[in-house]
Amino acid sequence: MYENLVSEAFEAMKSAYAPYSNYHVGACVLCRDGRTFRGVNIENASYGATNCAERSAVFGAYSYGYRKADIAALAIVSDGARIGTPCGICRQVLSELLESDTPIILSNGKETMETTMAELLPMSFGMEDLA
Ligand SMILES: [Zn+2]
């Protein structure tokens, strides 16, 4: 399942801008209406200004008015030796911008696994804590 989404994420990965780490990441959001939004990691000489692929993709979907209920799945792929999982910043962001049970497919081309934000960031801090 989600082979096409994973393929599109690998296609996106070709556009990653990673001259410092040489670690290329691609992501693709699948919306319930079938629309997809790609993202790649975009590094910067001031490393902290780097943006990760999965945030780029989800921000793209949100920029077109899609919200968490509209997102069916997210694929995140990399060319690392092992499957790349979202960094801490992305986990915090994705915990707010995705449903906790939205399928997240991770792949490095050799291995693929499916997870969710509930698994990636249990006991997360979110909007409900500020109510
Ligand atoms: Zn990240």
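**Packing of helix H2 and the zinc site**

In this predicted model, the buried residues of helix H2 are Ala53, Glu54, Arg55, Ser56, Ala57, Val58, Gly60, Ala61 and Tyr62. The helix, which spans residues 53-63, is thus recorded as mostly covered, with 9 of its 11 residues buried. The elements that cover these buried residues include the strands S1 (25-31), S2 and S3 (71-78), together with helix H3. Beyond the end of H2 comes Gly65, for which phi is positive, near 90°.

The packing of H2 against H3 (residues 88-97) was examined further: the two helices meet at an angle of about 25°, and their axes lie 10 Å apart. Because angles under 35 degrees count as roughly parallel, H2 is described as roughly parallel to H3. The crossing in which H2 passes H3 is left-handed. On the side of H2, the contact is formed by Glu54, Arg55, Val58, Phe59 and Tyr62, and on the side of H3 by Ile89, Cys90, Val93, Leu94, Glu96 and Leu97. Classified by residue type, this contact comprises 8 nonpolar and 3 charged residues, with no polar ones.

A zinc ion is coordinated by the SG atoms of Cys52, Cys87 and Cys90, at 2.2 to 2.3 Å, and along the chain these donors follow the spacing C-x34-C-x2-C. Cys52 is located in the loop between strand S2 (36-40) and H2, whereas Cys90 belongs to helix H3, so that the pair ties together parts 38 residues apart in sequence. Both Cys52 and Cys90 are buried, and Cys90 is also among the H3 residues in contact with H2.

Notes:
Residues are numbered from 1 along each chain as its sequence is written. This is a predicted model: local features need pLDDT of at least 70, side-chain atom pairs count only at pLDDT 80 or more; totals for chains, interfaces and linings use all residues. Side-chain values use heavy atoms; hydrogens and water are left out. Axes are lines fitted to C-alpha atoms, for helices over the stretch in contact, and angles run from 0 to 180 degrees between N-to-C directions. Helices (H or I, at least four residues) and strands (E, at least two) are DSSP runs, numbered from the N terminus. Angles under 35 degrees count as roughly parallel, over 145 as roughly antiparallel, 65 to 115 as roughly perpendicular and the rest as oblique. A crossing is left-handed if the near helix is turned anticlockwise from the far one by less than a right angle, and right-handed if clockwise. Contact means heavy atoms within 4.5 Å. Ala, Val, Leu, Ile, Met, Phe, Trp, Tyr, Cys and Pro count as nonpolar, Asp, Glu, Lys and Arg as charged, and the others, Gly among them, as polar. Donors are N, O and S atoms within 2.8 Å of the metal (3.2 Å for Na, K and Ca); water is not among the atoms, so sites may look incomplete. Buried means under 20% relative accessible area, exposed over 50%, partly exposed in between (1.4 Å probe, protein chains only).
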